[in-house]
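This report describes selected local features of one protein model. The sequence and structure are shown first.

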Amino acid sequence: MTDQQPIVLDDISKQIIEELQADGRRSYASVGKAVGLSEAAVRNRVQRLSDAGVMQIVAVTDPLQVGFARQAMIGIRCTGDTGELAEALAQVKEIDYVVLTAGSFDVVIEVVCENDEHLLEVLNKKVRSQPGVTGTETLVYLKLVKQQYNWGTR
């Protein structure tokens, strides 16, 4: 991820995003009717928003349903350049979320693993072995109560 200026969205682009967050499979014609644009205009805006990195349209899976029985959030303390560590961790396939933080941890990651043995392998061989890592704290998920991606464009 790069540091870049946020794109200023007009009301129509915000409405398009919100329509697609409600149902990412909606046709451009259907979205166009809801926001007052033609299908082609919606297609062009969606393409520009996607190309600019403002949004992605993806299928979100339930990890348990596709064979991943263990998820965890891991807080990491480190020395040195936290950005370099974050970039290295972002390359690990089991890690789906990497954020630099302030407070008790320097970096926080989320991992999705097949089981506890896989989680231990990721912790020992792919996280704790990174240069500069001085400590970790693992928060194992027991039950997912709420996960949403429809917070809109406030």
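## The second largest pocket

The lining of the second largest pocket is formed by D62, P63, L64, F68, A69, R70, Q71, Y141, L142, K143 and L144. On a 1 Å grid over the protein atoms alone, a pocket is an open set of points where a 1.4 Å probe fits, with protein on both sides within 12 Å along at least five of seven lines, whereas a cavity is a set from which the probe cannot get out; lining residues have an atom within 4 Å of a point. The model is predicted, and local features need pLDDT of at least 70, side-chain atom pairs count only at pLDDT 80 or more, and totals for chains, interfaces and linings use all residues. Residues are numbered from 1 along each chain as its sequence is written, and side-chain values use heavy atoms, with hydrogens and water left out.

The space in the second largest pocket amounts to about 170 Å³; a volume is the space filled by probe spheres set on the grid points, which are joined across faces, edges and corners. By class, the lining residues comprise 7 nonpolar, 1 polar and 3 charged. In this scheme Ala, Val, Leu, Ile, Met, Phe, Trp, Tyr, Cys and Pro count as nonpolar, Asp, Glu, Lys and Arg as charged, and the others, Gly among them, as polar.

## Helix α5 and its surroundings

Helix α5 spans residues 116-127, and its buried residues are H118, L119, V122, L123 and V127. These residues cover an arc of only 140° around the axis, which puts them on the same side of α5. The arc is that of the directions from the helix axis to the C-beta atoms. Helices (H or I, at least four residues) and strands (E, at least two) are DSSP runs, numbered from the N terminus. Buried means under 20% relative accessible area, exposed over 50%, and partly exposed in between (1.4 Å probe, protein chains only). On the face of α5 turned away from the buried side are the exposed residues E117 and K125. The buried residues of α5 are covered by elements including β1 (70-78), α4 (82-90), β2 (95-100), β3 (107-113) and β4 (133-140).

At the N-terminal end of α5, N115 acts as a cap, with a side-chain oxygen 3.2 Å from the backbone nitrogen of E117. D116, also in α5, is partly exposed at a relative accessible area of 47%. Its C-alpha atom lies 9.6 Å from that of V140, although 24 residues separate D116 and V140 in sequence. H118 of α5 has a relative accessible area of 12% and is therefore buried. Contact means heavy atoms within 4.5 Å; not counting residues up to four places away in sequence, H118 touches E94, V112 and C113.

## From α5 to strand β4

R128 belongs to the loop between α5 and β4 and is partly exposed, with a relative accessible area of 38%. Its side chain makes a polar contact of 3.0 Å with the side chain of N124, and a polar contact of 3.0 Å also joins the side chains of R128 and T136. A polar contact is a pair of N or O atoms within 3.5 Å; within protein, one must be able to donate a hydrogen and the other to accept it, and residues adjacent in sequence count only if both atoms are side-chain atoms. Leaving aside neighbours within four places in sequence, R128 is in contact with L123, V133 and T136. The C-alpha atoms of R128 and R77 are separated by 9.9 Å, at 51 residues apart along the chain.

T138 is located in strand β4 and counts as partly exposed at 27% relative accessibility. Outside its neighbours within four places in sequence, T138 is in contact with A72, M73, I74, L119 and L123. L119 and L123 are among the buried residues of α5.

## Helix α2

Helix α2 covers residues 28-35, with V31, G32 and V35 as its buried residues. They occupy an arc of only 105° around the axis, which puts them on the same side of α2. The buried residues of α2 pack against α1 (11-22) and α3 (39-51). After α2 comes G36, whose phi is positive, near 80°.

Y28, also in α2, is partly exposed at a relative accessible area of 26%. Beyond its neighbours within four places in sequence, Y28 is in contact with E39, V42, R43 and V46. The C-alpha atoms of Y28 and A40 are 7.6 Å apart, with their positions 12 residues apart along the chain.
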